[in-house]
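Here are my notes from a first pass through this one, in no particular order of merit. Have the model open while you read, and shout if anything looks off.

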Amino acid sequence: MNVEEPALQALGLTRTFGEGETKTTAVDNVSLELFRRRMYLLMGPSGSGKSTLLAILSGLLHPNSGKVNCLGKDIWKLSETEREAFRRKYFGFIFQGYNLFPALTARQQLEMVLRWGEGVPYREARRRTDEMLSLLGLGKKGHLRPQQLSGGEKQRVAIGRALVKEPVFCFADEPTSALDWAHGEQVVELLCAAAHEQGSTILVVAHDSRIVPYADQVFHLEDGSLLESQSPAMHALRSES
Ligand SMILES: Nc1ncnc2c1ncn2[C@@H]1O[C@H](COP(=O)(O)OP(=O)(O)OP(=O)(O)O)[C@@H](O)[C@H]1O
Ligand SMILES: [Mg+2]
């Protein structure tokens, strides 16, 4: 029998903030498995620990306890430098804020990832960048800097920057929050294509339940704990009852 190994496996992750009276357990003993070629959704009320969990899984925030095994490495056992290199090589991020470089045009934000991050030659970087911008409906906005773009356009540039390198993993924190559903759906379709066509593992934090039917599996966080994870069909049944 050929049993697929998870691409990422989290075991007993816990993260607290503060001390004494003000101590918050943002993530409380969370274990989960993510497989290649799937898009996962992480849902839960505001303050339930979604961004904290995403940051731990993606190597940005140290857990108090627990492990993240990813592509055969325990990422929290790596040195800072090794973890940074690992993240650059395998991970794409879409942050809740957009983290764009103010001085660069939309096109340069994407090209930079390919040219300097991946060593892609100039012409190919330009071609892939233009293709991605046009997929995101930004074909005519490539020459504009962040301050000249609307909130939703900035969000789409941030999405393009994460996806253009075709990352093995993509972690997206509310990637559609500033978009109307027409644009939001386009982005969700792009994330789905990255999973199902390129074989990426995608974890998306989102509130909008219209994304649920696109996900292969939905995780629910409440007060830092994972509720039993569900397939979209089960989610629909649960929402109806
Ligand atoms: N750096 C920090 N210092 C102190 N408390 C923090 C910090 N980061 C997060 N928290 C707390 O941890 C809990 C979870 O926060 P988190 O940002 O993970 O929630 P979330 O589910 O992403 O919420 P939202 O949907 O509003 O983005 C909250 O109670 C928050 O106040
Ligand atoms: Mg959050």
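1. Let's start with the hairpin: strand 4 and strand 5 form it with 2 residues between them. Leu71 sits in the turn and has a positive phi of about 50°. The two strands run antiparallel and are joined by 2 bridges, with Cys70 standing opposite Lys73 in strand 5. Bear in mind that this is a predicted model.

2. Now zoom out to the sheet that holds the hairpin. This open sheet has 4 strands in the order 2-1-4-5, paired antiparallel. Its edges are strand 2 (24-34) and strand 5 (73-74), each of which pairs on one side only. In between, strand 1 (residues 8-17) and strand 4 (residues 65-70) run antiparallel and share 5 bridges; Thr14, for instance, is opposite Ser65 in strand 4.

3. What lies across the sheet strands? Helix 1 (residues 50-57) lies across strand 1, strand 2 and strand 4, and runs at about 125° to strand 1.

4. Helix 2 (residues 80-90) is worth a look for its two sides. Its buried residues are Arg83, Phe86 and Arg87. They sit on the same side of helix 2 because they cover an arc of only 100° around the axis. That fits the textbook picture: an α-helix has 3.6 residues a turn, so residues three or four places apart point the same way. On the other side of helix 2 you'll find Thr81, Arg88 and Lys89 exposed. As for partners, the buried residues pack against strand 4, strand 5 and strand 6 (91-94).

5. On to the aromatics, where a search of the whole structure turns up 9 pairs. One of them is Tyr40 with Phe219, stacked at 5.7 Å centre to centre with 20° between the planes. Tyr40 is in strand 3 (residues 39-43) and Phe219 in strand 9 (residues 217-222), so this pair links distant parts of the chain, 179 residues apart. Tyr40 and Phe219 are buried.

6. Compare Phe91 and Phe169, which meet edge-to-face: 5.4 Å between centres, 80° between the planes. Phe91 belongs to strand 6 and Phe169 to strand 7 (residues 169-173), so the pair ties together parts 78 residues apart in sequence. Both residues are buried. They also belong to one aromatic cluster, alongside Phe86, Tyr90, Phe93, Phe95 and Phe171. Phe86 should ring a bell, as one of the buried residues of helix 2.

7. Last one: Arg115 lies over the face of Trp116, 4.9 Å from the ring centre.

Notes:
Residues are numbered from 1 along each chain as its sequence is written. Chains are lettered from A and ligands numbered from 1 in the order in which they are written. This is a predicted model: local features need pLDDT of at least 70, side-chain atom pairs count only at pLDDT 80 or more; totals for chains, interfaces and linings use all residues. Side-chain values use heavy atoms; hydrogens and water are left out. Two strands pair if DSSP finds at least two bridges between them. Contact means heavy atoms within 4.5 Å. Axes are lines fitted to C-alpha atoms, for helices over the stretch in contact, and angles run from 0 to 180 degrees between N-to-C directions. Buried means under 20% relative accessible area, exposed over 50%, partly exposed in between (1.4 Å probe, protein chains only). The arc is that of the directions from the helix axis to the C-beta atoms. Rings of Phe, Tyr and Trp (its six-membered ring) pair if their centres lie within 6.5 Å; planes under 30 degrees apart count as stacked, over 60 as edge-to-face and the rest as tilted. A charge sits over a ring if NZ of Lys or CZ of Arg is within 6 Å of the ring centre and within 35 degrees of the ring normal.
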